[in-house]
Amino acid sequence: MLDKHQTNGLDERDALSTAQNAVAQAFGTEPDHRMDRTDTSLVALRRILRATEDYGRNLARDAGLTAVQLRVLQIVAETGNCHPSEIANRMGVSQATISVLIKKLEKFGLLERHQSAEDRRQIDLTITREGQARLQSAPNALQQRYVQKFESLPDWEQSMIVAVLERVAMMLDDGDYDASPVLATGEITRAGRDAQTREKV
């Protein structure tokens, strides 16, 4: 008969095996036991980066947009009339960053601004026909595909993935990165980096 310490050891190994299998299933991969865990984790990270980079290239080719610009157009299209502060709140970035994005999309003829009917001191944004056409031509947003698959998972698996991703983000974080829910390799900066944003957005 196994003593308490042996039983606990088996439970921990079983839990680890279950977690590894769940992560592999969630990301559509199978653990390669020929590789050590460090290499396996780096391969998984690289696959995420490659998927993001490939999507960015496809989006630029098909719609002439970045993932961040696409998300702004989507928000405006969803709301009909949208105030810049609402976009900033939903994307988790500064007002200054959104102003840069809006000016560029206006220059492209994809957004229009006009005085708010509720408060003439405010401006509202609407999407143009050309903006709608760009949305139609854009490939399915990477984060939308992720959201659909993520939300189909059971609650315990969602919690586990969130915990793992947050831990990985903490391990890699060495600065004040934005928290915008957009899968893109470009940088959306907060107030401290808005000057750089004008060059990168």
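Leu-165 counts as partly exposed, because its relative accessibility is 36%. In this predicted model, Leu-165 sits in helix H8, which covers residues 155-172. Together with Tyr-146 and Val-147, Leu-165 makes a nonpolar surface patch of about 220 Å².

**The aromatic pair**

Tyr-146, one of the residues of that patch, is also part of an aromatic pair. The count of such pairs comes to 1. Its members are Tyr-146 and Phe-150, with 5.6 Å from centre to centre and 25° between the planes. The pair is classed as stacked, because planes under 30 degrees apart count as stacked. Tyr-146 and Phe-150 both belong to helix H7, residues 142-151, and they are separated by about one helical turn because they lie 4 residues apart in that helix. The two residues fall into separate burial classes: Tyr-146 has a relative accessible area of 33% and is partly exposed, whereas Phe-150 has 16% and is buried. The cut-off behind the second assignment is a relative accessible area under 20%, which means that Phe-150, at 16%, counts as buried.

**Salt bridges**

A search of the whole structure gives 7 salt bridges. Three of them are listed here with the distance between the closest N and O atoms.

| Salt bridge | Closest N and O atoms |
|---|---|
| Arg-90 and Glu-78 | 2.9 Å |
| Glu-106 and Arg-113 | 2.8 Å |
| Glu-130 and Arg-134 | 3.0 Å |

Arg-90 and Glu-78 form a salt bridge that links distant parts of the chain, with the two positions 12 residues apart in sequence numbering. Arg-90 is in helix H4 (residues 84-91), and Glu-78 is in helix H3 (residues 67-79). Both partners are partly exposed: the relative accessible area is 36% for Arg-90 and 48% for Glu-78. The two residues are also linked with Arg-71 in a network of salt bridges.

Glu-106 and Arg-113 form another salt bridge. Glu-106 has a relative accessible area of 24% and is partly exposed. Arg-113 is partly exposed as well, with a value of 40%.

In the salt bridge between Glu-130 and Arg-134, both residues lie in helix H6, residues 129-137. They are separated by about one helical turn because they are 4 residues apart in that helix. Glu-130 is partly exposed, with a relative accessible area of 37%.

**Ala-138**

Ala-138 is placed in the loop between H6 and H7. Ala-138 is buried, with a relative accessible area of 15%; the assignment follows because buried means under 20%. Leaving aside residues up to four places away in sequence, Ala-138 touches Leu-59, Ala-63 and Leu-70. Leu-65 is 73 residues from Ala-138 in sequence, yet the C-alpha atoms of Ala-138 and Leu-65 are 8.3 Å apart in space.

**The chain as a whole**

The protein chain contains 9 helices and 2 strands. Along the sequence these elements follow the pattern α-α-α-α-α-β-β-α-α-α-α. Of the 201 residues in the protein chain, 29% are buried. The accessible surface amounts to about 13,300 Å², and carbon and sulfur atoms account for 52% of that surface. When contacts are taken between residues at least 6 apart in sequence, 53% of them join residues at least 24 apart.

**Confidence**

The average pLDDT of the protein chain is 75, and 67% of the residues score at least 70. The pLDDT falls below 50 over residues 4-10, a stretch that has 3 contacts in the model beyond near neighbours in sequence. It is also below 50 over residues 187-201, where the stretch has 31 contacts in the model beyond near neighbours in sequence.

Key
Residues numbered from 1 in each chain as written. Predicted model: local features only at pLDDT ≥ 70, side-chain atom pairs only at ≥ 80, totals over all residues. Heavy atoms only, no water. Patch = residues over 30% accessible without salt bridge, like charges linked within 9 Å, V, L, I, M, F, W, Y side chains within 5 Å. Areas by Shrake-Rupley, 256 points an atom, 1.4 Å probe, with all protein chains shown as cover. Salt bridge = Lys/Arg side-chain N within 4 Å of Asp/Glu carboxyl O. Buried < 20%, exposed > 50% of the residue type's maximum accessible area, 1.4 Å probe, protein only. pLDDT = per-residue confidence, 0-100. Contact = heavy atoms within 4.5 Å. Phe/Tyr/Trp six-rings, centres within 6.5 Å; stacked < 30°, edge-to-face > 60°.
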